[in-house]
Amino acid sequence: MVLPLVAAFFLTINLYAQDNGKKASVHFKRAHLRQVFAELEKQFGLSFSYNESNLALYGKAVTMQLKNATASQVLNKIFTGSPLTWSFKGNLVILTADPNYQKKQLNSGAFTEGLNENNSDSAVKRDDLNEVVVVGYGRQSRKLLTSAISTVKSEEFNQGNFNNPAQLLQGKVAGLTITRSGDPNAAPSITLRGPSTLRSGAAQEPFYVIDEVPGADVKLIVLDDIATIDVLKDASATAIYGTRASNGVIVVTTKKGRPAQTQVNYNSYVAVEKVSRRIKMMDAGQLKDFLSKNSLALSPSDDQGANTDWQKEVSQTAVSQSHHLSLSGGANNLTYSAAVSYLDNKGVLRNTGMNRLIGRISLEQKALNNHLKLGMLVSSSTSNADLLPDQNIILFNMLRYLPTVPVKQADGSYTENLQRVQYYNPVSLQNNAWQKQKTKTTLLNGSAQVLLPFGFKYDMSVTAQNKQENSGTYYTSQYAYITGTNGKAYRSSYESTKRMLETFFTFAKKLGAHDINVLGGYSWQEDLNGDGFQASNQNFPTDALGYTNIGLGSPTGNYRNEWGPNMYQKLRLISFYSRANYNFRDKYLLQASLRRDASSAFGVNNRWATFPSVSFAWRAIDEAFLKTQHIFSDLKWRVSYGVTGNSLGFDPLISKVQYSSTGQFYYNNSFVNAIGPSQNDNPNLKWEKTAMFNTSIDFAVLKGKVKASVEYYNKKTSDLIWYYPVSTTQYFTSTYTANVGSISNQGFEVTIDAMPVKTGDFQWTSSLNFAHNNNRVLSLSNSNFKLDSIYPQGASPGGQNQTGAYVQILKSGFPVGQFFTFNYAGKDANGVSQWYDKDGKITTAPRTYIDNAYAGNAQPKLLLGWNNNLKYRKFDLNIFVRASLGAKVMNATLADLNRPDAASSYNIPEYAANNSPRDLYGYFYSNRYIENASYLRLDNATLGYTFPSLIKGIRSIRVYASGNNLALITRYRGLDPEIMLGGLTPGIDNKDYYPRTRAFMFGLNVGF
């Protein structure tokens, strides 16, 4: 009911006007058409309707000056003799391609720059320079940028069965590291220019801005609706977002409607996915041969004549589908876009998957002779996830469960042997427990923009976002991992809300050769997370109802309800910010910004922080002394410095005393919960700050056929937050949260775009990027708090008989992901493993920590992405290759499987066929299991064909076939060398890796 009323309101205030003779003076110098349109909208109150492909036909920048001219005179001056024609429809200017243009040029013996075949490549490159890039709280021509910003357009996105916008960028942006498994419910790990904090999760990942809404949930995005994604890398680009920008900013812009261009688009695909690689475990025959050769034997209960491939039994061929329908257009001063999208994403592990329905509508109304612009955005997403409880136990047992037993016995019961450690039938676990999670997210945004006199403009945006998560988990009475409960159920419901206000003024003025733009604003945000609870019950009369009627359980004894974690958190942020841009003759460009932020999370003495930045660019190509050279068609130097903060991933009560349950005591014939301090307060706790220096050379050669950007950056994060041991005689608890350490990242990035071939029927464009980052922990101590090293959570794989055996360390002078483990010395004459002790002597009993040695790190030395687009008439082919060089992975999975002495109880991998059962400790974590994780991957190949428009009303039809993860070259022996690189323990393959998939897609795109 609300949306029709709002739409009716917008329609009632439409204004209908046309060129009424109003006069104005205009001055453009090498301006892109979009910049021209923006100025004419402001001067004459016009709106413009056009196809993007037509703008490319124009192919040149606009340089002109007219005084006291009407709109018609200005438009004639711009478009006379060009490939475009214009016409008025009210105050709407409609641009169309002139079908007779080429013929006219042939008859006159002249070609303009836009269509001359010899100059078309240069024209395209100049058009790229004038493309509009989204920056914080505004837009800017790429030519005039002083910051490091990478833009990926929709036609350059990765193709695949994706559910997160980050997956569209994997390998496309230099310095942006994205890793993911095959799990349809897992978010990818994202790091930009290296880890900059000792906290994990959101604290390490970039900040998202979606359609100018900071912090909007990425699950609200319809991937087919995305027009561009801009990645803001350096501090001069991100400092305007202050406390949330130390890991970079990803700005997503969706497609918008255009006046007089009603379009309906339908996109659909079907994807078939299989596990791409398996670990080579012994089959029944191989295992029996190994046991026989080593005078071992299976117990009678384990020798049942089966030859079960457990990896195959728990997996499936997953068939997924996606459907997307969108409508966009406009009339007079109203534009609109709406879309609905459905994704059903099945997992390759049985009983896993996700489906998501997203609806989205956007309206934009211009009024008061285009001096007022009102916008509204409503987006809603409903996701249903099928999850596997104890998935890591299933993934480990699909490897180690004996192949000589069947999945089920003759009576239909699952084969089990509960006398062994962590030994469970993986298919039984898979089918006797389930978890379903339903997430509803809704966002409502309203915006207004007012053009004011004297070059001022006012913008305001109000946003409300609500997320509801409802989850249910049930373990049947036959679930072997949890016994004695006769069925156990959990249900939980949590709600999170986000409210935001953004309001700012902009002043723009051009004074001859001087161009000034100043912005100043205020931001307010309040987040409330985890408002809800969990309940549990057990001992159910039947498993048939699962968790749906949790009250049917009848627990016995001293059962206590599990209420779940206390997740209620409330956080408030307020900010004042400003930015100034100065441009002299489009040659010397200067930008400075300042943001002042406050957060309720930090100590009362340090709630406010200031984040400045400054950047400068010199367009050397426009200097007179370079006019006669013929090497460069574009040349620019950029340099910047700025400071950003990190407030993501914080507990809002991190600086305050917290109380929680500390146990129970018996009082008055019952047990009572005891409450006590669980966290010390720190009134001086403050922001982590990241200072970054960035410099770059941007250039184009060969008449614009090749353009490149070379970036160098150096960033240092100080006041790192960590938990330090303190005396309980001075403090409530034994740890204290403080700002102490520092960490650095420095490296370079190279991006090269080229058009090697362009003829009448054939075109080949190629893009290559590679990046290197050097990460170091600089310090973990100061005068008040001392730590020599940290063993982070997750650095101990926790294998059988290896509790507390850490394989990574955080230490000054070493990177995050530094391996620190036993130093393998080979085997003795009896085939027994040996290691070096701290003095370099050989031992068969190494001591944990004492005999550990440094053994490389998980971070790659070089990341590379190479994309190629080839078009021949109606055919298009895309080939995308990614590579990673120099990374290491601790293959803890293979280590824990290497138990030849226990091969009669647990299956072993094929590589252990020559190992001796006398090697009782060959599974010890050591550099023996640290493997080279370098790889070269054919990540995608897509072949498409676009049919000519033969049916009235159908604008275009395209069909395509696409393959993902088609080929992999690597020496790594695990499931995949691309182990998660986020968090504090990257590169540990710890028996819980959801298998990566190989996918084949068949899709259809129809435009009406």
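**Exercise 1. Find the residue of β46 that stands opposite asparagine 891, and describe the sheet around this pair.**

Solution. Asparagine 891 stands opposite aspartate 989, which belongs to β46. The model is a predicted one, in which local features need pLDDT of at least 70 and side-chain atom pairs count only at pLDDT 80 or more, while totals for chains, interfaces and linings use all residues. Residues are numbered from 1 along each chain as its sequence is written, and side-chain values use heavy atoms, with hydrogens and water left out.

Next, look at the strands themselves, where a strand is a DSSP run of E with at least two residues, and a helix is a run of H or I with at least four, both numbered from the N terminus. Strand β42 (residues 888–891) pairs with β46 in the parallel sense over two bridges; two strands count as paired if DSSP finds at least two bridges between them. Finally, place the pair in its sheet: three strands form an open sheet with mixed pairing, in the order β43-β42-β46. Its edge strands, β43 (930–932) and β46 (988–989), each pair on one side only.

**Exercise 2. Work out which residues of β13 are the bridge partners of lysine 153 and isoleucine 149, and then place β8 in its sheet.**

Solution. Begin with the pairing, which joins β8 and strand β13 (residues 226–232) in the antiparallel sense over five bridges. Lysine 153 has threonine 228 as its bridge partner in β13, and isoleucine 149 has leucine 232.

Then widen the view to the open sheet of five strands, which has mixed pairing and the order β8-β13-β14-β11-β12. β8 and β12 (213–214) stand at the edges with a single partner strand each, so one side of each is left without a neighbour in the sheet.

As a last step, consider burial, where buried means under 20% relative accessible area, exposed means over 50%, and partly exposed lies in between (1.4 Å probe, protein chains only). Four of the five residues of strand β8 (residues 149–153) are buried, so β8 is largely enclosed by the rest of the structure.

**Exercise 3. Check the length of helix α2, and decide where its buried residues lie around the axis.**

Solution. The expected span of a helix is 1.5 Å times one less than its number of residues. For the 12 residues of α2 (residues 33–44) this gives 16 Å, and the end C-alpha atoms are 16 Å apart, which agrees.

Now list the buried residues of α2, which are Leu33, Val36, Phe37, Leu40 and Phe44. They cover an arc of only 100 degrees around the axis (taken from the directions from the helix axis to the C-beta atoms), which puts them on the same side of α2. An α-helix has 3.6 residues a turn, so residues three or four places apart point the same way. Just after α2, glycine 45 takes a positive phi of about 70 degrees.

**Exercise 4. Describe phi, place and exposure for serine 295 and for asparagine 668.**

Solution. Start from the general rule: most residues other than glycine have a negative phi, and most peptide bonds are trans. Serine 295, however, has a positive phi near 55 degrees, lies in the loop between α8 (284–293) and α9 (310–314), and is exposed, with a relative accessible area of 70%.

Turn then to asparagine 668, whose phi is positive and near 55 degrees, and which is found in the loop between β28 (658–667) and β29 (670–679). At 63% relative accessibility, asparagine 668 counts as exposed.
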